[in-house]
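Subject: Structure handover

Hi,

Here is the structure for you to look through. Please open it first, then read my notes below.

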Amino acid sequence: MSLGVRVGIGYDSHRFVEGHGVLLGGVLIPAAVRCTGHSDADAVCHALTDALLGGAGLGDIGEMFPDTGAENKDRDSLEMLRLAVARIRAAGWVPAQADLTVIAETPKIGPHRPAIRERLAETIGVAPSEVMVKGKTNERMGWVGRGEGIAVIAVATLVRSEG
Ligand code: MG
């Protein structure tokens, strides 16, 4: 029996290097660091993409956008999220809601929360009220605590599309 509702979880992390801002959910947050990665290294988009693909039972971001692919080098992660949502919709599922936690000592997420919520919501096709983004430090413990990078956890709900 299928419930008509699915929940997916996603996780992503990226290493910090010296730079001028951290891209999260398509919003560039001013900082003395940036994230490195094969694509544009937007950990918020990557975690949310994985949560949505997982909930739909459609694998993961690494399968859909291999980091060995030249076409994915420096790729816009909002575009990858948009393409993942198109695939999810084609499989009969619609994103309903998402909740994310960003774990990093810096930068602070709070001031940028409305912009990130709006950008993500627009990309996955829900109202901004249906996307939440929360910032946490790691209390200076471990690699996150030493400021070596950023981690993001995302949960997303999908509902079966009608017809
Ligand atoms: Mg990533």
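Start with β5 and β7: these two strands run antiparallel and are joined by ten bridges. Note that this is a predicted model. Within the pairing, V102 has V152 in β7 as its bridge partner.

Stay with strand β5 for a moment. The strand covers residues 93-103. Is it mostly covered or not? Mostly covered: eight of its eleven residues are buried. β5 also pairs with β6, this time in the parallel sense, over six bridges. There, I103 stands opposite K136 in β6.

Now go to β7, residues 149-160. Strand β7 pairs with β1 in the antiparallel sense. Eleven bridges hold that pairing. One to find on screen is H14, whose bridge partner in β7 is I150.

Put the strands together. In what order do the five strands lie in the sheet? The order is β4-β1-β7-β5-β6, the sheet is open, and the pairing is mixed. β4 (33-36) and β6 (131-136) stand at the edges. Each has a single partner strand, so one side of each has no neighbour in the sheet. From one strand to the next, the twist averages 30 degrees.

Next, the metal site. Which residues are the protein donors of the magnesium ion? They are D12 (OD), H14 (NE2) and H46 (ND1), and they lie 2.2 Å from the ion. Their spacing along the chain is D-x1-H-x31-H. D12 and H46 link distant parts of the chain, 34 residues apart. D12 sits in strand β1 (residues 5-18), and H46 sits in helix α1 (residues 43-55).

Are D12 and H46 buried or exposed? D12 counts as buried because its relative accessibility is 16%, and the cut-off for buried is under 20%. H46 also counts as buried, because its value is 7%.

Last, the largest pocket. It holds about 210 Å³ of space. Its lining has 14 residues. S39, H46, I61, F65 and D67 lie nearest its centre. So H46 turns up twice in these notes: as a donor of the magnesium ion and in this lining.

Which element gives the most to the lining? That is β1, with three residues. β1, α1 and α2 (61-64) each supply at least two. By type, the lining residues are five nonpolar, six polar and three charged.

Best wishes

Methods:
Residues numbered from 1 in each chain as written. Predicted model: local features only at pLDDT ≥ 70, side-chain atom pairs only at ≥ 80, totals over all residues. Heavy atoms only, no water. Donors = N, O, S within 2.8 Å, 3.2 Å for Na, K, Ca; no water. Helix = DSSP H or I, 4+ residues; strand = E, 2+ residues; numbered from the N terminus. Buried < 20%, exposed > 50% of the residue type's maximum accessible area, 1.4 Å probe, protein only. 1 Å grid on protein atoms, 1.4 Å probe; cavity = no way out; pocket = protein on both sides within 12 Å on 5 of 7 lines; lining within 4 Å. Points joined across faces, edges and corners; volume = space filled by probe spheres on them. Nonpolar A, V, L, I, M, F, W, Y, C, P; charged D, E, K, R; others polar. Pairing = 2+ DSSP bridges. Axes fitted to C-alpha atoms, helices over the stretch in contact; angles between N-to-C directions.
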